[in-house]
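Here is a quick walk through one protein model, meant to be read with the structure open beside you. Have a look at it before reading on.

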Amino acid sequence: MKKPSIRITYCTQCNWMLRAGWMAQELLSSFGADLGEVTLVPGTGGIFDIHCDGELIWERKRDGGFPDAAELKRRVRDNAWPEKQLGHLDKPVARSDDGPS
């Protein structure tokens, strides 16, 4: 079975290399050997995109900024292993409008 490939393209003009590196570290810490590779790709013009096996799963301009670690892990999981559980990251968030009125 082919392992997923993650590509994080970040803007060097915006100094987002550390952010890209941190996100790569978070993915490697959570998914480890289940990933085939995590690649950092320098770019320009405010780019910050994350692809999983060629599919765009996060785009800074489209998605309104940067993902937090939990959201990024969910998106990678949803793309690569939809059946995989992420433990506490999969617990539903309590909403104020839940429950009887």
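## Threonine 44 and its surroundings

Start at threonine 44, which sits in the loop linking strand S2 (37-43) to S3. Keep in mind that this is a predicted model. Is threonine 44 buried or exposed? With a relative accessibility of 51%, it counts as exposed, because the cut-off for that class is over 50%.

Which residues does threonine 44 touch, once its neighbours within four places in sequence are set aside? They are Cys11, Thr12 and Gln13. There is also a pairing with tyrosine 10 to look at: 34 residues separate threonine 44 and tyrosine 10 in sequence, while their C-alpha atoms are 7.3 Å apart in space.

## The overall layout

Stepping back, the protein has three helices and four strands. Read from the N terminus, the order of the elements is β-α-β-β-β-α-α.

How much of the protein is buried? Of its 101 residues, 32% fall in the buried class. As for contacts, take those between residues at least 6 apart in sequence: 63% of them join residues at least 24 apart.

## Cysteines

A search for disulfides across the whole structure comes up with zero. Cysteine 11 is a good one to check by eye: the nearest cysteine sulfur belongs to cysteine 14 and is 3.2 Å away, and cysteine 11 is in no disulfide. Why doesn't that pair count? A disulfide needs the two sulfur atoms within 2.5 Å, so the 3.2 Å between cysteine 11 and cysteine 14 doesn't qualify.

Cysteine 11 is buried, at 0% relative accessibility. Cysteine 52 is buried too, with a relative accessibility of 0%.

## Two residues with positive phi

Most residues other than glycine have a negative phi. Asparagine 15 is not a glycine, yet its phi is positive, at about 60 degrees. Where is asparagine 15 found? Look in the loop between strand S1 (5-11) and helix H1 (17-31). Asparagine 15 is exposed, because its relative accessibility is 64%.

Aspartate 53 is another non-glycine residue with a positive phi, in this case near 50 degrees. The loop between strand S3 (48-52) and strand S4 (55-59) holds aspartate 53. With a relative accessible area of 40%, aspartate 53 is partly exposed.

## How H1 meets H3

Next, the helix pair. H1 packs against helix H3 (residues 69-80) at an angle of about 60 degrees, and the two axes are 10 Å apart. That angle makes H1 and H3 oblique to each other, because it falls outside the roughly parallel class (under 35 degrees) and the roughly perpendicular class (65 to 115). The crossing of H1 and H3 is right-handed.

Which residues make the contact? H1 brings Trp22, Met23, Glu26, Leu27, Ser30 and Phe31, and H3 brings Ala69, Leu72, Lys73, Val76 and Arg77. Sorted by class, the contact between H1 and H3 has seven nonpolar residues, three charged ones and one polar one.

## Two more stops along H3

Arginine 74 is in helix H3. How exposed is arginine 74? Its relative accessible area is 24%, so arginine 74 counts as partly exposed. Arginine 74 and leucine 86 are twelve residues apart along the chain, with 7.7 Å between their C-alpha atoms.

Asparagine 79 also lies in helix H3, and its 23% relative accessibility puts it in the partly exposed class. Not counting residues up to four places away in sequence, asparagine 79 touches Cys52, Glu55 and Ile57. One of these, isoleucine 57, is 22 residues from asparagine 79 in sequence, and the C-alpha to C-alpha distance between them is 8.0 Å.

## Histidine 51 in strand S3

Finish at histidine 51, which belongs to strand S3. Is histidine 51 buried or exposed? Histidine 51 is buried, because its relative accessible area of 12% is under the 20% cut-off.

What does histidine 51 touch, leaving out residues up to four places away in sequence? Its contacts are Ser5, Ile6, Arg7, Leu56 and Ile57. Isoleucine 57 has come up before, among the contacts of asparagine 79.

Methods. Residues numbered from 1 in each chain as written. Predicted model: local features only at pLDDT ≥ 70, side-chain atom pairs only at ≥ 80, totals over all residues. Heavy atoms only, no water. Buried < 20%, exposed > 50% of the residue type's maximum accessible area, 1.4 Å probe, protein only. Axes fitted to C-alpha atoms, helices over the stretch in contact; angles between N-to-C directions. Parallel < 35°, antiparallel > 145°, perpendicular 65-115°, else oblique. Left-handed = near helix turned anticlockwise from the far one by under 90°. Contact = heavy atoms within 4.5 Å. Nonpolar A, V, L, I, M, F, W, Y, C, P; charged D, E, K, R; others polar.
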